[in-house]
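Trainee: I've got the model open and I'd like to go through the labels people put on it. Can you take me from the cut-offs to the conclusions?

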Amino acid sequence: MRFYFGDRAGIPNSGRPEIIAGMRELRVLVALAAFAASAAAVAQLKTLKPGWNLFSPQQDIQLGQEAKAEVDKTKPIVHDSRIDGYIAGLGKHLAASPRAGSFPFTFQVINDKSVNAFALPGGPVFINTATIVAAQNEAQLAGVIAHEMSHVALRHGTHEASKGRAVELIAGLAGATTGQSMLGSLARVGINLGANSVLLHYSRDAESQADYNGAEILADSGYDPVEMARFFQLLQTKSSEGRIAQFLSDHPTPGNRVKAVEEEVSYMPKRTYKTDSPEFHRIQALVKALPAPPAPAPAPAAKPGE
Ligand SMILES: [Zn+2]
């Protein structure tokens, strides 16, 4: 904010101590008002909690590990120490936010031309190479990861599964004894919770929550939270492209994401955010130079009872 007492009135500032004193007073008042406004606004930020769930947090972890083993076997996971190291570092930095919860997160990149990212219950996060290429800056990539971590922290996957077939689920979970496959026990009661199941299809409500919580993780980590919403909005405008369809089907848009996050940010204390880094662009170039992903293998026929 600028004041024009001196120039506008044609009076040099240095010669009028009462005006300088007045300006000081005004500055103090403006600062106090801003502080009061930000203190009131901070009080309005929500702390989201996981919803109703038939699984225990420990069962989230077990289920996620079993589904992750499926992904590791069937998807072309990138093994490049520079790319893996960068994603793991970025993920670890975001996981330090208290909003990320305490699940044991892991971060892996899948060589895949479709823009997508997903997270399994209890911590495994996967990011497709096309998502890293599509992101315009580091904050947008961090935003996708923070959004996925929020689905984990808020336990959306097992919450969705719990809402489906509660009676069978209770029987299946009761039958899952220590040391046995949880996916197997659930399959015996007719429930498939593998990596391509309901675990990855979220409601619009869950999407809003993941955006909200993700924005807080980003802000805690020093990234501009609006970049996350901008990236999702960008994907929305390109939704006719087939390579984006899966992401939007798994993460249905809950309305104007940019506006929602901007409103949330207005409740946060003012800070200077980071948007980009040279490291991100180096990694993006490495990802672009990766060999083309192998053609997807035909899906194996489902074998009941396994
Ligand atoms: Zn989502």
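Mentor: Start with burial: a residue is buried if 20 or more other C-beta atoms lie within 10 Å of its own, exposed if 12 or fewer, and partly exposed in between, with C-beta atoms placed from the backbone. Keep in mind that this is a predicted model, where local features need pLDDT of at least 70 and side-chain atom pairs count only at pLDDT 80 or more, while totals for chains, interfaces and linings use all residues. Residues are numbered from 1 along each chain as its sequence is written.

Trainee: Then what makes R155 count as buried?

Mentor: R155 has 24 C-beta neighbours inside 10 Å, and the cut-off is 20 or more, so R155 is buried. R155 lies in the loop between α6 and α7 (156-164). Helices here are DSSP runs of H or I with at least four residues, strands are runs of E with at least two, and both are numbered from the N terminus.

Trainee: What is the phi of R155?

Mentor: Phi of R155 is near 55 degrees, a positive value in a residue other than glycine. Most residues other than glycine have a negative phi. R155 follows α6.

Trainee: And why does A174 count as exposed?

Mentor: A174 has 10 C-beta neighbours inside 10 Å; exposed means 12 or fewer, so the label fits. A174 lies in helix α8 (residues 166-175). The C-alpha atoms of A174 and S185 are separated by 8.7 Å, and the two are 11 residues apart along the chain.

Trainee: Why is V265 called buried?

Mentor: V265 has 20 C-beta neighbours inside 10 Å, and 20 or more is what the label asks for, so V265 counts as buried. V265 is found in helix α13. Leaving out residues up to four places away in sequence, V265 touches A215, P225 and V226, where a contact means C-beta atoms, placed from the backbone, within 7 Å. From V265 to P225 is 40 residues in sequence and 7.4 Å in space, C-alpha to C-alpha.

Trainee: How do you know that S221 is buried?

Mentor: There are 22 other C-beta atoms within 10 Å of S221, so S221 meets the cut-off. The place of S221 is in the loop between α10 and α11. Beyond its neighbours within four places in sequence, S221 is in contact with H93, L94, S97 and A142. S221 and K274 are 53 residues apart in sequence, with 9.1 Å between their C-alpha atoms.

Trainee: Let's move to whole helices. What makes α6 largely enclosed by the rest of the structure?

Mentor: The count settles it: 16 of the 16 residues of α6 are buried, so α6 is largely enclosed. From its first C-alpha to its last, α6 reaches 22 Å, close to the 22 Å expected at 1.5 Å a residue. The expected span is 1.5 Å times one less than the number of residues.

Trainee: How do you know that the span of α11 agrees with expectation?

Mentor: The 12 residues of α11 (residues 226-237) should span 16 Å, and the end C-alpha atoms are 16 Å apart, so the two agree. The buried residues of α11 include V226, M228, F231 and L235. Among the elements covering its buried residues are α6 (138-153) and α10 (204-220).

Trainee: Why is α6 called roughly perpendicular to α11?

Mentor: They pack at an angle of about 90 degrees, with their axes 8 Å apart. That makes α6 roughly perpendicular to α11, since angles under 35 degrees count as roughly parallel, over 145 as roughly antiparallel, 65 to 115 as roughly perpendicular and the rest as oblique. Axes are lines fitted to C-alpha atoms, for helices over the stretch in contact, and angles run from 0 to 180 degrees between N-to-C directions. A139, Q140, G143, V144, A146 and H147 in α6 meet E227, M228, R230 and F231 in α11.

Trainee: What makes α4 and α6 oblique to each other?

Mentor: Helix α4 (residues 81-95) and α6 pack at about 55 degrees, with their axes 10 Å apart. An angle of about 55 degrees falls in none of the named ranges, so the pair is oblique. In this contact L90, G91, L94 and A95 in α4 meet A142, I145, A146 and M149 in α6.

How values were computed
Two residues are in contact if their C-beta atoms, placed from the backbone, lie within 7 Å.
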